[in-house]
Amino acid sequence: MRRDELKVQSSMPRFIYALLAVFLVFMGPPVQASDLEEGASAFIHALEREAVESLTDPAKERPARVQAFRTLFEEKFAVEAIGKWTLGRNWRRATDDEQKEFLQLFEDLMVAMYVDRFQNYAGEKLNILKTSPVDENRATVHTEITRPEGVDAKPISVLWRVGRQGDIYKVLDVVVEGASMSITLQKEFASIIKNTGSVAGLLEELRKKTAQLNPS
Amino acid sequence: MRRQSCILMLFLCIFFSFGCATPPPQGDLEANKDFLAENDPAEPLNRAVFAFNQTIDKALFQPAARAYRDTVPLWVRQRIGAAIDNLRAPVIFVNDLLQGELDRALTTLVRFTINSTLGVAGLNDLAAEAGLEKHGEDFGQTLAVWGADAGPYMMLPILGPSNPRDTVGLVVDFLVDPFNAWAANTDREELTYARTGVAALHARAGLLDLTDDLEKNSIDLYAATRSLYRQTRGHAISNGNAAGPDVSSAPSDFPDMNDIADNRELSVKPR
């Protein structure tokens, strides 16, 4: 058996080796993940640039900023996926109408919450430290943001969980100093559903909160 | 010192005898799973204590912290922060050692030496400027590294979110602190009170941005605080080295990638 293989190998025409060599040179590194890491890192870099552009224009009033941020948010965050995940098993318990309203309210809430958070840090320096793969389509981009002037000079650690599908990248989660946005929201939603007894109770609270955060 | 420990023990007794929530009905398996996973059997009592803490915080601590932040110049607050951190160094050093983190213990030791002398009684964090960044440690984290479970969530009066493990840690750290021991032995307990008061004020001021954000944005502040406490403790226990919370378990139930591109379907209504 072994001898046979050897024979085949030795009789292999030389040009096949040459072809193989050329192939390898043009293929680049065979690991697909590095592709994902570079893409995820470039995506976060672009997100930062766009956030700064859309949020630091002093001529814009808050409603205009909120609108600009909503557009950015829908484009860059996997809003529906995050929403479904934060509802967890209650997603299946919800009716079609409840699911629809939840996703809409969820987006409103996230936009209202994050417009000011991004605003506070837009213009601060965001350093991309490294990117590590989670699986073949997800990666974590490790960044740190310098704090606005304060007592503590230590930069804030922010991890971005980024998912890829085809060549579309989206943010799945933001982890600030070890605290995940998605996990915290999931726990809050679960607690409200437990205490009010239903998804309808959560929707009521979400309606109140988004109205309060977006005074019109 | 001893009296404080007694009060704490008394509270723990009351906590575990009265504070228990009713578990969900036996048939509801998923609800029971959630109840156990939340590990907050004393939730009704905890929520009451939380409401009490919030009241005190709004009436006393927050106004004091805001006044401190808005009137004391940044430069002075930085000195105060450095001095408080420096006084804590011995406790951090002991916990570094107990966790077998020799490099970090050495960092703490060198920092303490430099800052206490050249830094003038710890008022200047010269060591950080030389590249020896500060880090925190406490006995609750040490117990966690040794494998102790956190136990059920507890809301301590005034002190805030905790659990049995971290409460024990708090008491141990207080008792082994050489400054407190020295003050007690030389009949200068007022120094311990002064130090604790200044440290609390400084810490509360540092948390203002975070708590303002939470109070504004949370829908269930109690649940958000509970989750954030656990996540940030996990982060501290791993010394911030973890790739993030639940990185091993979360991806499996993380959003289905098929949903990512579906956002377009969720058409946005005009505003």
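Two residues count as in contact here if their C-beta atoms, placed from the backbone, lie within 7 Å. On that basis, take the contacts in chain A of this predicted model that link residues at least 6 apart in sequence: 54% of them join residues at least 24 apart. For chain B, residues 24 or more positions apart account for 58% of the contacts with a separation of 6 or more.

Chain A is built from nine helices and five strands. Reading from the N terminus, its elements follow the order α-α-α-α-α-α-α-β-β-β-β-β-α-α. Of the 216 residues in chain A, 36% are buried. Chain B has twelve helices and two strands, and its elements, again from the N terminus, go α-α-α-α-α-α-α-β-β-α-α-α-α-α. Here the buried residues make up 27% of 271.

Next comes the question of what sits inside. In soluble globular proteins, nonpolar side chains tend to be buried together. The largest nonpolar core in this model has 52 residues, and A:Ala40 and A:Val162 are the ones with the most contacts inside it. Helix α7 of chain A, spanning residues 96–121, supplies the largest share of this core, with ten residues. A second core, separate from that one, has five residues, among them B:Ala89, B:Val91, B:Ile92 and B:Phe112. Back in the largest core, A:Ala40 is worth a look for its partners: leaving aside residues up to four places away in sequence, it touches A:Thr131, A:Ala139, A:Val141, A:Val162, A:Arg164 and A:Tyr169.

Two packed helices are described by the angle between their axes and the distance between the axes. At the C-terminal end of the element order in chain A, helix α8 (residues 181–196) packs on helix α9 (residues 199–213) at an angle of about 120 degrees, the axes being 7 Å apart. With that angle, α8(A) is oblique to α9(A). The crossing is right-handed. On the α8(A) side the contact uses A:Phe189, A:Ile192, A:Ile193 and A:Thr196, and on the α9(A) side A:Val199, A:Gly201, A:Leu202 and A:Glu205. Sorted by class, these come to five nonpolar, two polar and one charged residues.

Helix α8 of chain A also reaches across to the other chain. It packs with helix α12 of chain B (residues 221–237) at about 145 degrees, and the two axes are 8 Å apart. This crossing, too, is right-handed. From α8(A) the contact takes in A:Ile183, A:Thr184, A:Lys187, A:Glu188 and A:Ser191, while α12(B) brings B:Ala223, B:Ala224, B:Ser227, B:Leu228 and B:Gln231. The residues of this contact split into four nonpolar, four polar and two charged.

Within chain B, the axes of helix α4 (residues 74–98) and helix α5 (residues 102–117) come within 9 Å and cross at roughly 150 degrees. That angle makes α4(B) roughly antiparallel to α5(B), and the crossing is left-handed. Helix α4(B) contributes B:Ala82, B:Asn86, B:Ala89, B:Ile92, B:Phe93, B:Asp96 and B:Leu97, and they meet B:Arg104, B:Ala105, B:Thr108, B:Leu109, B:Arg111, B:Phe112, B:Asn115 and B:Ser116 of α5(B). Eight of the residues in this contact are nonpolar, four are polar and three are charged. B:Ala89, B:Ile92 and B:Phe112 appear in this contact and are also listed in the second core.

A few loop residues round out the picture. Most residues other than glycine have a negative phi, and most peptide bonds are trans. B:Val120 has a positive phi, near 55 degrees, without being a glycine. This valine is found in the loop between α5 and α6 (126–129) of chain B, and it is partly exposed, with 13 other C-beta atoms within 10 Å. B:Ile158 likewise has a positive phi, about 65 degrees, although it is not a glycine. B:Ile158 belongs to the loop between β1 (154–156) and β2 (160–162) of chain B. Because 12 other C-beta atoms lie within 10 Å of its own, B:Ile158 counts as exposed. In chain A, the loop between α3 (33–55) and α4 (62–76) holds A:Glu61. A:Glu61 is exposed, as 8 other C-beta atoms are within 10 Å. From A:Glu61 to A:Tyr114 there are 53 residues in sequence, and C-alpha to C-alpha the two are 16 Å apart in space.

Key. Residues are numbered from 1 along each chain as its sequence is written. Chains are lettered from A and ligands numbered from 1 in the order in which they are written. This is a predicted model: local features need pLDDT of at least 70, side-chain atom pairs count only at pLDDT 80 or more; totals for chains, interfaces and linings use all residues. Helices (H or I, at least four residues) and strands (E, at least two) are DSSP runs, numbered from the N terminus. A residue is buried if 20 or more other C-beta atoms lie within 10 Å of its own, exposed if 12 or fewer, and partly exposed in between; C-beta atoms are placed from the backbone. A nonpolar core is a set of buried Ala, Val, Leu, Ile, Met, Phe, Trp, Tyr and Cys residues joined through C-beta atoms within 7 Å. Axes are lines fitted to C-alpha atoms, for helices over the stretch in contact, and angles run from 0 to 180 degrees between N-to-C directions. Angles under 35 degrees count as roughly parallel, over 145 as roughly antiparallel, 65 to 115 as roughly perpendicular and the rest as oblique. A crossing is left-handed if the near helix is turned anticlockwise from the far one by less than a right angle, and right-handed if clockwise. Ala, Val, Leu, Ile, Met, Phe, Trp, Tyr, Cys and Pro count as nonpolar, Asp, Glu, Lys and Arg as charged, and the others, Gly among them, as polar.
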